[in-house]
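The following exercises are to be worked through with the sequence and the three-dimensional structure at hand. Each task is followed by a solution in steps.

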Amino acid sequence: MATKTYDAIIVGAGQSGGPLAGALAQAGWKTALVEREHVGGTCINEGCTPTKTMVASARAAYMARRSEDYGVHAGAVSIDMTKVRQRKRDIVASFRGGSERRIEQAGVDLIDGEASFTSPTTLDVRLNDGGTQQLSAPKIFINTGERPGVPSLPGLDDVPFLDSTTIMELDVVPEHLLVLGGGYVGLEFGQMFRRFGSNVTIVQRGTQLLAREDQDIAEEVAKILREDGIEVLLETAATRVEQSDGAIKLVVKTPDGERTLTGSHLLTAAGRMPNTERLNLGAAGVETDKRGYIHVNERLETNISGIYALGDVHGGPAFTHISYDDYRVLKTNLLENGHATIEGRLVPYTVFIDPQLGRVGMSEQEARARGRNVRIAKMPMSHVAR
């Protein structure tokens with residue numbers, strides 16, 4: 001089959017790849033966007049949109065159970081997980097459809113398939129409907145994102161476990177959910193399913209939840225979760241897991257010795273990994289770190305001229321708005337003759353527990369580590385009239 005030639009090819013239709021493809025096409029570039037699964041990337045399909053949809057359902061259940069505190073008598077509360085799941089699916093489908101329409105209306109060639117490099121300027125695409133297609137362009141942008149990592153835990157291969165994607169397809173409320181990992185993913189799902197009615201135990205290897213936060217903030221978060229009835233185990237490492245009599249047995253090492261946790265479901269939420277191993281980056285000469293994340297400079301350029309990486313695939317905090325800002329950096333530089341960089345940008349973010357945790361800029365511990373003079377002000381939210 002003849003090679004199709006473009007001005008630009010974007011691999012991955014995430015929160016930077018899709019907008020960039022549209023902007024380039026509208027600027028007159030002949031542009032192709034290759035996507036192996038779903039337009040919209042993690043955010044629309046497995047991240048922000050579906051999880052926050054389910055968080056909203058969990059909060060509705062929580063408020064219904066507390067309604068008498070507000071003088072409202074609502075009666076017994078029950079959860080229909082199939083309806084929660086269908087609501088999530090419908091909203092995801094709506095958002096995904098909107099993204100697809102914007103890309104097609106911009107004049108982008110949307111190609112359903114998986115791309116791999118054959119040289120710094122050429123790609124082979126294994127098409128989803130069969131066959132292959134060769135593409136070439138002087139500029140190629142990698143926006144392939146991340147996926148949930150699988151921890152190295154003896155026995156895990158023989159136990160049915162959930163990750164941040166599959167847990168959203170449950171049609172029942174787990175009797176007891178064991179959560180491996182005390183980061184954003186573990187906490188959001190832990191509190192969500194506690195509010196749906198599950199018993200929940202969160203196992204965190206470190207000395208605090210949310211390792212990037214200051215200790216006092218992490219302690220407040222743990223307090224909130226415990227008030228919801230969640231068991232939070234800190235400085236606790238999982239050593240092995242097995243399934244016995246239909247239950248999951250997770251053996252952990254705690255500061256007080258070994259303990260066996262028994263649950264109905266296990267969620268692994270201890271990290272993510274980049275989608276780079278099937279890109280055949282070696283054929284293009286693109287450098288990665290030992291985990292597979294692509295090295296970029298402050299202008300999102302890889303070590304190979306004409307190849308760029310955007311979003312989660314180049315490492316750093318995996319937030320949608322960082323990916324979108326990567327798009328703005330490249331749009332500014334490529335289409336507006338600007339000089340935008342990612343260096344020193346302030347990153348605001350939210351952890352969607354309830355109440356939500358938001359932050360921007362350096363933490364106290366980061367400021368002290370850099371030798372800054374620090375002034376701290378604190379006010380309990382109980383003093384805020386709102």
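**Exercise 1. Locate aspartate 109 and describe its surroundings.**

Step 1. Aspartate 109 lies in strand 4 (residues 109-119); helices (H or I, at least four residues) and strands (E, at least two) are DSSP runs, numbered from the N terminus. This is a predicted model, in which local features need pLDDT of at least 70 and side-chain atom pairs count only at pLDDT 80 or more, while totals for chains, interfaces and linings use all residues. Residues are numbered from 1 along each chain as its sequence is written, and side-chain values use heavy atoms, with hydrogens and water left out.

Step 2. The relative accessible area of aspartate 109 is 34%. Buried means under 20% relative accessible area, exposed over 50%, and partly exposed in between (1.4 Å probe, protein chains only). Aspartate 109 is therefore partly exposed.

Step 3. Not counting residues up to four places away in sequence, aspartate 109 touches Tyr6, Thr31, Ala32 and Leu33, where contact means heavy atoms within 4.5 Å. Valine 34 is 75 residues from aspartate 109 in sequence, but the two C-alpha atoms are 8.4 Å apart in space.

**Exercise 2. Describe helix 4 and its buried residues.**

Step 1. Helix 4 has 25 residues and reaches 36 Å from its first C-alpha to its last, close to the 36 Å expected at 1.5 Å a residue. The expected span is 1.5 Å times one less than the number of residues.

Step 2. Among the buried residues of helix 4 are Met81, Val84, Arg85, Lys88 and Val92. The buried residues of this helix pack against helix 1 (17-26), strand 3 (31-35), helix 2 (41-45), helix 3 and helix 5.

Step 3. Glycine 107 follows helix 4 and has a positive phi, near 90°.

**Exercise 3. Determine how helix 3 and helix 5 pack.**

Step 1. The two helices, helix 3 and helix 5, pack at an angle of about 40°, with their axes 8 Å apart. Axes are lines fitted to C-alpha atoms, for helices over the stretch in contact, and angles run from 0 to 180 degrees between N-to-C directions.

Step 2. Angles under 35 degrees count as roughly parallel, over 145 as roughly antiparallel, 65 to 115 as roughly perpendicular and the rest as oblique. Helix 3 is therefore oblique to helix 5.

Step 3. Residues making the contact include Thr51, Met54 and Tyr62 of helix 3 and Phe189, Met192 and Phe193 of helix 5.

**Exercise 4. Which residues touch the most other members of the largest nonpolar core?**

Step 1. A nonpolar core is a set of buried Ala, Val, Leu, Ile, Met, Phe, Trp, Tyr and Cys residues joined through side-chain atoms within 4.5 Å.

Step 2. The largest such core has 32 residues, of which Ile167, Phe193 and Leu209 touch the most other members. Its largest share, five residues, comes from helix 5.

Step 3. A second, separate core of 23 residues includes Val34, Ile111, Ile140 and Ile307.

**Exercise 5. Is leucine 300 buried or exposed?**

Step 1. Leucine 300 is found in the loop between helix 7 (281-284) and strand 17 (307-309). Its phi is positive, about 70°, although leucine 300 is not a glycine.

Step 2. Leucine 300 counts as buried because its relative accessibility is 0%.

Step 3. Glutamate 235 also has a positive phi, near 50°, in a residue other than glycine. Glutamate 235 is partly exposed, with a relative accessible area of 45%.
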